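Thanks for coming. I will put the model up and then talk through pockets, salt bridges and sheets.

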Amino acid sequence: MAAQKADAAPPAVQPGETSQWRPMLHYAPRQYWMNDPNGPVFYKGVYHLFYQYNPMAAEWGNMSWGHATSTDLLHWQEHKVAMISNAERDVFSGSVVVDRDNTSGLGTVENPAMVALYTSVFKAGTGHEPGVQAQSLAYSRDGGYTWQAYKKDPVLTLAPASKNFRDPSVTWYAPGKYWVMTAVVADAPVIKLYKSDNLIDWTFLSDFGPAGFVRPGMLWEMPSLFALPLDGDTARQKWVMMIGVNPSSIAGGSGTAYFVGSFDGTTFQAENLPPAGSDPSAYNWGDHGADRYAVMLFSGRPTGVPLTIGWMNNWDYATAVPTAPWKGQMTLPMTASLKTVSGRPQLCFAPDAHYTALVAKHPSHSFSALKLDAEQRVLPDAARGDVLDIQLEIQAKGAKKAGVVVRASADGTTGTRIVYDFEHHTLSLDRSRSGKTDFSPHFSPVHIVNMPADQAMSAHIIVDRSSVEVLALDGSVVMTDLIFPPAGAAHVIAFAEGGGAEFKQLRITPLSDGIASE
């Protein structure tokens, strides 16, 4: 990020560095490989983001926990590696909680410990078969900057031991006054639930899965269990089980799915499941694009709307993305709520208040009441930018399709198209001509989601230097995609095909100087 600070001076610009694609709104490390977020947590006014990190190369390996902090989720300070791979183990994904009541005895009520539950992948010579995965514990008494391994290691393993038992996520279950952990046996695939009074000693509760939702070779990863009021009504609380699936997500490769149901302190029961063997589109998807995986919630936030963050990439091509010297970035942090949309409870996402405040500080340019008749129009230079916030509402006036092209060249040969099809009632994100796309044959070009039949559509589009995030239908439809446009491709083009369309709202806010100048 442009305004990112670090504990040490950043490395000198390296040959081949792709600064044109370094995100401005999203977190990315200065260099090397990053994937899943781990243990995002809020404590004493600071957001801590831990993440899977290779501190030695821009490729997967030497799995450790990177660490960055922010007070506004936009400006990030990168710190030294929190927990590092060594000769005994790799440090895989997990979660962090603030033990405010000192249930673990690892801190005090006055100075609570941060407690991390994470997956150890053991190596030869440790007394475990190489590759065995089990859950370990570490704690921090200085607010998350240094970590101490707990004397009992691991604190939870399977019998017999497994090489696919991972990704513990921990939450406090207030009705029972105990901690609940969800972890996966990824290749089963099944989510295992446990309880603990002290974060150290864990008792098995129940299994969830595969719930009719499985394809050959599919892994379940990064589960999160949390409660939300339906439509803001606290008397109608539902529970959500969110998971990462890989491969065979709705957009191909890895993606985010979720189930809505109930949890009685022992068992999670999904509701309104489609029949076994149903098309994947019958299930709930947290994102219909290709690049939002391993979504987690920030723990430790004051009571209110949950805040999420995910890895903006896809295992189909993550090792091949053309960025240097870093590889990997995070999605924009978004709040999550549960609303009745199209007759059923659905997760709805929205940018958090810090982002909204950033947009409000910058001049916007309105092209409302723009009318097009089977044409495309390059918007004035005031709407140009490689980082943009776009509010869009289109009313069909005979058009078969209408939408906008972002990060476009002036002649329209390059750009990412967000298209609403009024005939077939679909919303699509087309990155087939978005710029550099030839780095992997698995870089899927078009992602499509069915929408309710209507002759109007609205969307919120967030454009960064190497990504597009689209939110529609009250945030219940999200499409997150990486793009790698050429330098200078910063135009916005509005278009209508097969007839007329009126842009009832088209407000564009350039943010290219929004972070660096803060």
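Strand β31 is the main contributor to the lining of the second largest pocket, giving three residues. Strands here, like helices, are DSSP runs numbered from the N terminus, with at least two residues of E for a strand and at least four of H or I for a helix. The pocket itself holds about 320 Å³ of space. Its lining has 18 residues, and Ser-281, His-288, Arg-344, Val-449 and Asn-450 are the closest to its centre. The elements that supply two or more lining residues are β18 (284-285), β23 (344-351) and β31 (446-450). By class, the lining of the second largest pocket has 10 nonpolar residues, seven polar and one charged. Nonpolar covers Ala, Val, Leu, Ile, Met, Phe, Trp, Tyr, Cys and Pro; charged covers Asp, Glu, Lys and Arg; the others, Gly among them, are polar.

Before going on, the ground rules. This is a predicted model, where local features need pLDDT of at least 70 and side-chain atom pairs count only at pLDDT 80 or more, while totals for chains, interfaces and linings use all residues. Residues are numbered from 1 along each chain as its sequence is written, and side-chain values use heavy atoms, with hydrogens and water left out.

As for what a pocket is: on a 1 Å grid over the protein atoms alone, it is an open set of points where a 1.4 Å probe fits, with protein on both sides within 12 Å along at least five of seven lines, and lining residues have an atom within 4 Å of a point. A volume is the space filled by probe spheres set on the points, which are joined across faces, edges and corners.

Now the largest pocket. How much space lies in it? About 1,300 Å³. It is lined by 45 residues, and those nearest its centre are Thr-171, Trp-172, Ser-299, Gly-300 and Arg-301. Seen by class, its lining comprises 25 nonpolar, 14 polar and six charged residues. Several strands give at least two residues each, including β2 (32-43), β10 (165-173), β15 (233-246) and β22 (334-341). The most comes from β14, with six residues.

Next, salt bridges, meaning a side-chain nitrogen of Lys or Arg within 4 Å of a carboxyl oxygen of Asp or Glu. The whole structure has 18 of them. I will take three.

In one, Glu-271 pairs with Lys-238, with 2.9 Å between the closest N and O atoms. Glu-271 sits in the loop between β17 (268-270) and β18, and Lys-238 in strand β15, 33 residues apart. Glu-271 is partly exposed, at 29% relative accessibility. The cut-offs are under 20% relative accessible area for buried, over 50% for exposed, and partly exposed in between, with a 1.4 Å probe and protein chains only.

Another joins Lys-339 and Asp-474, whose closest N and O atoms are 3.2 Å apart. Lys-339 belongs to strand β22, while Asp-474 is in the loop between β33 (467-472) and β34 (477-482), 135 residues apart. Lys-339 has a relative accessible area of 27% and is therefore partly exposed.

The third is Arg-417 with Glu-497, at 3.0 Å between the closest N and O atoms. Arg-417 is in strand β29 (residues 416-421) and Glu-497 in strand β35 (residues 491-497), so this bridge ties together parts 80 residues apart in sequence. Which of the two is buried, and which partly exposed? Arg-417 is buried, at 18% relative accessibility, whereas Glu-497 is partly exposed, at 31%. There is also a network, in which salt bridges with shared partners join Asp-231, Asp-233 and Arg-236.

That brings me to the sheets. Two strands pair if DSSP finds at least two bridges between them. One open sheet has six strands in the order β26-β35-β28-β29-β30-β31, paired antiparallel. Its edges are β26 (376-378) and β31, each with a single partner strand, so each has one side without a neighbour in the sheet. Strand β30 (residues 426-430) and β31 run antiparallel and are joined by five bridges. There, Leu-427 stands opposite Val-449 in β31. Val-449 also came up among the residues closest to the centre of the second largest pocket.

A further open sheet has four strands, ordered β10-β11-β12-β13, again with antiparallel pairing. β10 and β13 (203-208) are its edge strands, pairing on one side only. Seven bridges connect β10 with strand β11 (residues 178-185), and Phe-165 has Val-185 in β11 as its bridge partner.
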